[in-house]
Amino acid sequence: MTDLQIEKEFKASARAHANIAVAKYWGKRNSDLNLPLFDSVAFNVEGLYTETTAVWDDDDFRDELIINDWQVPSHVMGRVQRILDSIRKDVGWSKRCVLRSRNNFARSAGLASSASGCAAAALAAASAAGLELSESQLSMLARLGSGSAARSIPAGWTRWYAGSDPDGSDAFAQTIAPPDHWPLHVFVVQISATQKAVSSSEAMMRCEKSPFWQAYLHEASQAADYAQTAILQRDFSALTYAMHHNMMLLHALCMTCDPPVCYVEPKSLELVKRILRACQAVQACCTMDAGANVVVLCEGASYPFVKNDIIALGVPFIQTKIGTGAQRI
Ligand code: DP6
């Protein structure tokens, strides 16, 4: 065996799913550490994921990130860089990391690619470096890249605790119910595959100047408790209220920033209105994160009706279920 072959290889791969918020994270108490103002509640989406391979090699070179064969310019690597810097500090080395990442869905189109991407990067890079982190520690590591990534580490329905510690040591996500707790159908309806014009971070900052910010804070601070109770009790009417109210609050707030942010496209609105009508008669509800795409949840008996309504819209969609947590592959 050559010297090269017996050298330890610092390499690992991981898969993490996108997550969609029922009670949304919007507003930060610390933007360097991505510490939120409130707890948020979300579910992982089995059919939307990122797979990442991390390799640590020579010292003193720049880190690299390649997403679906696109070499990410170093000036936009900032988010992932924070994850890698934190690992370097923990391990006490100065090796560089090469991350090769593949999404099975459009990047930056409001389908939480930064969440699945940063969660997969955190798990792959930490494992490749030989760090044995708990789920909470991994959640906090992923959070450094993108806040919502904290929720793509644990499985199923998750709650991300805002915590109060200035260094963020209590701001991690945990499972509140496993994927099979409530076997809902999930439809991800792709209204737009183009990159959103305004990032979530930028929009959150603008929203703090909205004349409705204080009203938003009041409502949003209660959203996670309400959503968690609805999920634990499998109460579809309460879940519908939680999702619709929280979605409308977020998008109304965005529209009242200066300059305004409007993620909603005509087709998004058309589908949201269809679901608002349908939910009077069937068990269906929907939400939109920071992008034009719409995610619909429904119970088994309502499935044929909801599917026909989505098909009538004439846009691509995927059918999936509540997803698992981040895993080594
Ligand atoms: C609307 O996690 O993308 O999807 O922490 O600045 O990276 P950064 O923001 P990000 O924001 C997600 C916002 C949201 C709501 C949510 O996922 O809770």
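Which helix gives the most residues to the shell around the ligand? In this predicted model, that element is helix α5, spanning residues 200-207, which contributes 3 residues to the shell. The shell holds 17 residues in total, and those that come nearest to the ligand are Tyr-25, Lys-28, Ser-148, Arg-151 and Ser-201. Sorted by class, these surroundings comprise 7 polar residues, 5 charged residues and 5 nonpolar residues. The ligand is also met from two parts of the protein, since domain 1 (3-178) and domain 2 (181-320) each supply at least three residues to the shell.

Individual contacts give a closer view of this site. Tyr-25, already named among the nearest residues, places an N or O atom of its side chain 2.5 Å from an oxygen atom of the ligand. Arg-79 likewise takes part through its side chain, with a polar atom lying 2.9 Å from a ligand oxygen atom. Gly-147, by contrast, uses its backbone, where a polar atom is 2.7 Å from an oxygen atom of the ligand. As for how much of the ligand is covered, it would expose 460 Å² if taken alone, and the protein buries 95% of that area.

Apart from the ligand shell, the reader may turn to the second largest pocket, which encloses about 310 Å³ of space. Its lining is made up of 15 residues, and the ones nearest its centre are Ser-86, Asp-90, Met-140, Leu-141 and Leu-144. Two helices, α2 (78-91) and α4 (135-145), are the elements that give two or more residues to this lining. By class, the lining of the second largest pocket counts 6 charged, 5 nonpolar and 4 polar residues.

Two details of the backbone remain, and both are found in loops. The peptide bond that joins Asp-258 and Pro-259 is cis, with an omega of about -5 degrees, and Pro-259 itself sits in the loop that runs between α8 (236-255) and α9 (266-278). Asp-69 belongs to another part of the chain, the loop between β5 (64-67) and β6 (70-71). There, although Asp-69 is a residue other than glycine, its phi has a positive value, near 70 degrees.

Definitions and conventions:
Residues are numbered from 1 along each chain as its sequence is written. This is a predicted model: local features need pLDDT of at least 70, side-chain atom pairs count only at pLDDT 80 or more; totals for chains, interfaces and linings use all residues. Side-chain values use heavy atoms; hydrogens and water are left out. A residue is near a molecule or strand if one of its heavy atoms lies within 4 Å of it. A polar contact is a pair of N or O atoms within 3.5 Å; within protein, one must be able to donate a hydrogen and the other to accept it, and residues adjacent in sequence count only if both atoms are side-chain atoms. Accessible areas come from the Shrake-Rupley method with a 1.4 Å probe; for residues, only the protein chains shown count as cover. Helices (H or I, at least four residues) and strands (E, at least two) are DSSP runs, numbered from the N terminus. Ala, Val, Leu, Ile, Met, Phe, Trp, Tyr, Cys and Pro count as nonpolar, Asp, Glu, Lys and Arg as charged, and the others, Gly among them, as polar. Domain bounds come from an automatic or database domain assignment. On a 1 Å grid over the protein atoms alone, a cavity is a set of points where a 1.4 Å probe fits but cannot get out, and a pocket is an open set with protein on both sides within 12 Å along at least five of seven lines; lining residues have an atom within 4 Å of a point. Grid points are joined across faces, edges and corners, and a volume is the space filled by probe spheres set on the points.
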